[in-house]
Amino acid sequence: MTATAGELLEVLWGRASTAPASASQMRVLLTLEHQDGINLRTLCDALSSAPPATSRLCDRLVAAGFVERVIGKTDRREVRLHLSSRGRAFLDDLRARREQELQTVLRLMPAGKRAALLEGLEAFSDAAALRMRDKSTHPGDRTA
């Protein structure tokens, strides 16, 4: 059931997307939204990706106007990555379209099932947040 629900969610989100960003680029945007001003090394760690691949992802996002690179004030060799106002607007718009698609589906569900889904999603969010914290404190541990 989880695989089917996940696939259906992907289809719904695909309908809502006019995204010029790949899944990997979306991960960069979402990471920068939550960790604004990180450097490339920290982004590589967050994505579990190699520096050249991450740098290329950022190059494409800079070219699209979604990410800005800023030279460090204390160390000019360090480059900080920031989500641009265009990148923020893109994420906001994408979320609004996704929300609209989900609301359409949720309205088709009986009220009791929606309440049960909400309870389950709250537990899922708590568990996922715990998993993400565990992964960030033990990045090499694939079972955490």
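Student: Which residues form a nonpolar patch on the surface?
Tutor: First, this is a predicted model, where local features need pLDDT of at least 70, side-chain atom pairs count only at pLDDT 80 or more, and totals for chains, interfaces and linings use all residues. Residues are numbered from 1 along each chain as its sequence is written, and side-chain values use heavy atoms, leaving out hydrogens and water. Patch residues have over 30% relative accessible area and no salt bridge, with nonpolar side chains joined within 5 Å and like charges within 9 Å. Here about 290 Å² of accessible area (Shrake-Rupley method, 1.4 Å probe, only the protein chains shown count as cover) belongs together to L117, L121 and F124.

Student: Is L121 buried, partly exposed or exposed?
Tutor: L121 is found in helix α6, residues 111–137 (helices are DSSP runs of H or I, at least four residues; strands are E, at least two). Buried means under 20% relative accessible area and exposed over 50%, with partly exposed in between (1.4 Å probe, protein chains only). L121 has 43%, so the label is partly exposed.

Student: And the whole chain, what share of its residues is buried?
Tutor: The protein chain has six helices and three strands, running α-α-β-α-α-β-β-α-α from the N terminus. Of its 144 residues, the buried share is 22%.

Student: Which residues form the aromatic pair?
Tutor: A search of the whole structure finds one such pair (ring centres within 6.5 Å; planes under 30 degrees apart are stacked, over 60 edge-to-face, the rest tilted). This pair is stacked, at 4.9 Å centre to centre and 20 degrees between the planes. One ring sits in the loop between α4 and β2, the other in helix α5, 24 residues apart. The partners are F66 and F90.

Student: Are F66 and F90 buried or exposed?
Tutor: F66 has a relative accessible area of 3%, so F66 is buried. F90 comes to 10%, and therefore also counts as buried.

Student: Which residue forms a salt bridge with E33?
Tutor: There are five salt bridges in the structure (a side-chain nitrogen of Lys or Arg within 4 Å of a carboxyl oxygen of Asp or Glu). E33, in helix α2, links to a residue in helix α5 that is 62 residues apart. The closest N and O atoms are 2.6 Å apart, and the partner is R95.

Student: How far apart are the closest N and O atoms of D93 and R97?
Tutor: Both lie in helix α5, four residues apart, about one turn of the helix. D93 is partly exposed at 41%, while R97 counts as buried at 18%. Their salt bridge has its closest N and O atoms apart by 1.9 Å.

Methods:
Rings of Phe, Tyr and Trp (its six-membered ring) pair if their centres lie within 6.5 Å; planes under 30 degrees apart count as stacked, over 60 as edge-to-face and the rest as tilted.
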